[in-house]
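Trainee: Please give me a close look at one part of this structure, and explain how its side chains are placed and paired.

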Amino acid sequence: MTFILGSGSPRRKELLAQIGVFADDIRAPDIDETPHKAELPRPYCARMAREKAAAVPCDADDIVLCADTTVALGRRILGKPDDRAQAEQFLRAMSGRRHKVITAVAVKRGDKLWERDVQSTVRMKSLSDQELQAYLDTGDWQGKAGGYGIQGPAAVLIPWISGSFTGIVGLPLAETANLLRAAGYPLYGEGA
């Protein structure tokens, strides 16, 4: 059995290490992440995790873990910003408001798929122009859904959350551990 992390995210790799899980191989899938017309954030996120898992090349006994994190402002999906201007647009839209962060996890072994999504609520403080520009200057918004990462410099912009902190970062660990165990991964030294 080989454990494959189907993600290029350093955050997911770090989160898995916190529970003693280390990938034998990392194979980031290349899929089209364009939302379907009128697709809602939660079903979109779950579909992305499933499609990523299906796209990772593996053997029948390998365990593949893929995830997708989506930021939703109402029914609007805020993906990874294309540039600084789009990151600023996203952050201005979330300023002083609550939004949802959804992380869907899919674990595949052979023809079986275990999946779960976790939705958390995040409140972003009202941002002054100075705070917004200072955050954008860090470059931390690059490659992050919604244009921010709660575990970095943006932590000062987030006074309140309800839900899974690790889910907001990119991989809800409690749920992920349960999925890995269901797929037969020897978590906690089981079967070692």
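**Charged pairs and the packing around one helix**

Mentor: Asp-25 has a relative accessible area of 29% and is therefore partly exposed, a class that lies between buried (under 20%) and exposed (over 50%), with a 1.4 Å probe and protein chains only. This is a predicted model, in which local features need pLDDT of at least 70, side-chain atom pairs count only at pLDDT 80 or more, and totals for chains, interfaces and linings use all residues. Residues are numbered from 1 along each chain as its sequence is written, and side-chain values use heavy atoms, with hydrogens and water left out.

The partner of Asp-25 is Arg-27, and their side chains form a salt bridge at 2.7 Å, N to O; the term requires a side-chain nitrogen of Lys or Arg within 4 Å of a carboxyl oxygen of Asp or Glu. Arg-27 is also partly exposed, at 27% relative accessibility. The whole structure contains 12 salt bridges.

Another of these pairs joins Glu-51 to Arg-47 at 3.0 Å, N to O. Both residues belong to helix 2 (residues 41-55) and stand 4 residues apart, about one turn of the helix; helices (H or I, at least four residues) and strands (E, at least two) are DSSP runs numbered from the N terminus. Glu-51 is partly exposed at 32%, whereas Arg-47 is buried at 10%.

Asp-61 and Arg-109 make a further salt bridge, at 2.7 Å, N to O. Asp-61 is in the loop between helix 2 and strand 3 and Arg-109 is in strand 5, so this pair ties together parts 48 residues apart in sequence. Returning to helix 2, salt bridges with shared partners link Glu-39, Arg-47 and Glu-51 into one network.

The part to examine closely is helix 6 (residues 173-182), where Leu-173, Glu-175, Thr-176, Ala-177, Leu-179 and Leu-180 are buried. Among the elements that cover these residues are strand 1 (3-5), helix 1 (10-18), strand 3 (63-73) and helix 5 (165-169). Leu-180 touches Phe-3, Leu-16, Val-21, Ile-63, Leu-65, Val-107 and Tyr-185, leaving aside residues up to four places away in sequence; contact means heavy atoms within 4.5 Å. Just after helix 6, Gly-184 adopts a positive phi of about 95°.

Leu-180 also belongs to the largest nonpolar core, of 42 residues, where it is one of the five members, with Leu-65, Leu-91, Met-94 and Tyr-148, that touch the most others. Such a core is a set of buried Ala, Val, Leu, Ile, Met, Phe, Trp, Tyr and Cys residues joined through side-chain atoms within 4.5 Å.
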